[in-house]
Amino acid sequence: MRFTTPTQKAIVIAVLVAVDIVLVLLFDALHSEVGSVILTVLQVLGWYLATRMFRGPGESPEVARPWWRMTNRWLLSAVLGAVYAVSALANAVFSVAGYGSLSGWVSILAQAGLAALFLTSASRLRALARVPA
């Protein structure tokens with residue numbers, strides 16, 4: 001199943017965010033460190049699954065996306081990569097300052113991983129855009 005229209009993509013993102021909110025509220029109510037780690041893993045898997053299912057203009061819905069391609073536009077990948085990188089850095093500073101926990105460090109690693117994926121995507125997409133057709 002591939003999602004190509006903005007409406008389809010918005011519905012998928014809304015469902016993922018709704019599930020995420022329910023899980024955040026549940027795990028927060030349980031004060032579960034293990035639950036927070038599981039939630040982080042599920043969030044990363046959700047992001048990566050969405051990037052495999054979404055298609056932009058000019059992308060074939062039948063062909064699998066390369067592992068590194070997170071979006072269809074290099075600038076979107078760059079912005080998302082930067083947001084995740086800044087978030088990981090800020091959370092690492094807070095963790096080193098004494099606000100850290102196991103789930104916090106797992107979250108930092110997840111954010112850094114997503115930043116690396118999005119920034120790799122941005123770099124490769126920008127290089128592809130520069131190649132003459």
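**A four-helix chain and its buried positions**

In helix α3, which runs over residues 74–99, the buried residues are Ser 77, Ala 78, Gly 81, Tyr 84, Ala 88, Ala 92 and Ser 95. Their cover includes helix α2, residues 33–53, and helix α4. The model that shows this arrangement is a predicted one.

The wider setting of α3 can now be described. The protein chain contains 4 helices and 0 strands, and from the N terminus on its elements follow the order α-α-α-α. Along the principal axes, the C-alpha trace extends over about 50 × 30 × 20 Å. Of the 133 residues in the chain, 30% are buried. The accessible surface amounts to about 8400 Å², and carbon and sulfur atoms account for 74% of that area. Among contacts between residues at least 6 apart in sequence, 61% join residues at least 24 apart.

Confidence in the prediction may be considered next. The mean pLDDT of the protein chain is 88, and 98% of the residues reach at least 70. Among the elements, helix α4 (residues 102–130) has the highest mean pLDDT, 93, whereas helix α1 (residues 6–30) has the lowest, 82. Where pLDDT is low, the predicted coordinates should not be read in detail.

Helix α1 can be approached through one of its residues, Val 24. Val 24 counts as partly exposed, because its relative accessibility is 34% and the partly exposed class lies between 20% and 50%. Leaving aside residues up to four places away in sequence, Val 24 touches Leu 39 and Gln 43. The C-alpha atoms of Val 24 and Thr 40 are 9.8 Å apart in space, with their positions 16 residues apart in sequence.

Leu 39 and Thr 40 also appear among the buried residues of helix α2, together with Gly 35, Val 37, Gly 46, Ala 50, Thr 51, Arg 52 and Met 53. The length of α2 can be checked against expectation: at 1.5 Å a residue, its 21 residues should span 30 Å, and its end C-alpha atoms are indeed 30 Å apart, so the two values agree.

Other residues contribute to the surface. Val 34, Ile 38, Val 41, Leu 42 and Leu 45 make a nonpolar surface patch of about 450 Å². Val 41, one of these residues, is placed in helix α2. Its relative accessibility is 42%, and Val 41 therefore counts as partly exposed.

Beyond α2, the chain enters the loop between α2 and α3, where charged side chains meet. The structure holds 2 salt bridges. In one of them, the side chains of Arg 65 and Glu 59 come together at 2.8 Å, N to O. Both partners are buried: Arg 65 has a relative accessibility of 10%, and Glu 59 has one of 14%. Glu 59 also forms a salt bridge with Arg 69, at 3.5 Å from N to O. Glu 59 and Arg 69 each lie in the loop between α2 and α3, so this pair ties together parts that are 10 residues apart in sequence. Arg 69 is likewise buried, because its relative accessible area is 16% and the buried class comprises values under 20%. Through shared partners, the salt bridges join Glu 59, Arg 65 and Arg 69 into one network.

The account closes with helix α4. Its 29 residues should span 42 Å at 1.5 Å a residue, and the end C-alpha atoms are 42 Å apart, so expectation and model agree. The buried residues of α4 are Ser 103, Ile 108, Ala 110, Gln 111, Leu 114, Ala 115, Phe 118, Ser 121, Ala 122 and Leu 125. These buried residues pack against α2 and α3. This complements the description of α3, for whose buried residues the cover includes α2 and α4.

Ala 129, which is also placed in helix α4, offers a contrast to the buried residues. Ala 129 is exposed, because its relative accessible area is 58% and the exposed class begins over 50%. The C-alpha atom of Ala 129 is separated by 9.3 Å from that of Arg 73, although the two residues are 56 residues apart along the chain.

Note on methods
Residues are numbered from 1 along each chain as its sequence is written. This is a predicted model: local features need pLDDT of at least 70, side-chain atom pairs count only at pLDDT 80 or more; totals for chains, interfaces and linings use all residues. Side-chain values use heavy atoms; hydrogens and water are left out. pLDDT is the predictor's confidence in each residue, from 0 to 100. Helices (H or I, at least four residues) and strands (E, at least two) are DSSP runs, numbered from the N terminus. Buried means under 20% relative accessible area, exposed over 50%, partly exposed in between (1.4 Å probe, protein chains only). Contact means heavy atoms within 4.5 Å. Patches are made of residues with over 30% relative accessible area and no salt bridge: like charges are joined within 9 Å, nonpolar side chains (Val, Leu, Ile, Met, Phe, Trp, Tyr) within 5 Å. Accessible areas come from the Shrake-Rupley method with a 1.4 Å probe; for residues, only the protein chains shown count as cover. A salt bridge is a side-chain nitrogen of Lys or Arg within 4 Å of a carboxyl oxygen of Asp or Glu. The expected span of a helix is 1.5 Å times one less than its number of residues.
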